[in-house]
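Student: I'm new to this structure and would love a close look at a single part of it. Please pick one helix and show me how the rest of the chain meets it.

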Amino acid sequence: ERLAKLILVADYAIAHEGQMPSEKIIRQFGHKLVDLTNAADAISQKHAPNLNYPRPKSSISTKDAFAETQTSLHWVIPTSLRKSQSANGGTKSQN
């Protein structure tokens, strides 16, 4: 959704001599993914970008760094928090 909206905003700016769309116009883009991706595809067809370049092959581009980081994290609950959770029936006190 964000990428499609970025494409729509960039296209608007190109069409309006660098002027960014107002909040009202951005809200008109909505949250419907099918409509957003269709609009982004239409923009792609209109501008016909030449994307003939090789895909990056560096070590950073061959890893899914975010996913690897998420699976290697070990979430540790501090001892003080564990004690307050068990004393409150599993929830932390809202004092």
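Tutor: Let's start with one residue, A4: leaving aside its neighbours within four places in sequence, A4 is in contact with L36 and A40 (contact means heavy atoms within 4.5 Å). Before going on, note that this is a predicted model, in which local features need pLDDT of at least 70, side-chain atom pairs count only at pLDDT 80 or more, and totals for chains, interfaces and linings use all residues. Residues are numbered from 1 along each chain as its sequence is written, and side-chain values use heavy atoms, with hydrogens and water left out.

Those two partners of A4 bring us to the part I'd like to show you, helix α3, residues 33-47. Helices here are DSSP runs (H or I, at least four residues), numbered from the N terminus. Helix α3 has 15 residues and reaches 21 Å from its first C-alpha to its last, close to the 21 Å expected; that expected span is 1.5 Å times one less than the number of residues.

Which residues of α3 are buried? They are L36, A40 and I43, where buried means under 20% relative accessible area, exposed over 50%, and partly exposed in between (1.4 Å probe, protein chains only). Seen down the axis of α3, these buried residues fall within an arc of 55°, so they line one face of the helix. The arc is that of the directions from the helix axis to the C-beta atoms. It helps to know that an α-helix has 3.6 residues a turn, so residues three or four places apart point the same way. On the other side of α3, V34 and Q45 are exposed. Just past the end of the helix, A48 takes a positive phi of about 40°.

What lies over the buried face? The cover includes α1, residues 2-15. Together, A4, L8, L36, A40 and I43 form the largest nonpolar core, five residues in all. Such a core is a set of buried Ala, Val, Leu, Ile, Met, Phe, Trp, Tyr and Cys residues joined through side-chain atoms within 4.5 Å. The elements giving two or more residues to this core are α1 and α3, and α3 gives the most, with three.

Charged side chains also link these helices. K46 and D11 meet in a salt bridge (3.0 Å, N to O); the term means a side-chain nitrogen of Lys or Arg within 4 Å of a carboxyl oxygen of Asp or Glu. K46 lies in α3 and D11 in α1, so the pair ties together parts that are 35 residues apart in sequence. K46 is exposed, at 52% relative accessible area, whereas D11 counts as buried at 12%.

Another residue to find in α1 is K5, buried at 18% relative accessibility. Not counting residues up to four places away in sequence, K5 touches F29, G30, H31 and L36, and L36 is one of the buried residues of α3. The side chain of K5 also meets that of E1 in a salt bridge (3.2 Å, N to O), and E1 is partly exposed, at 40%.

A last word on confidence: pLDDT is the predictor's confidence in each residue, from 0 to 100. The chain averages 75, and 63% of the residues score at least 70. Among the elements, α1 has the highest mean pLDDT (93) and α4, residues 65-72, the lowest (52).
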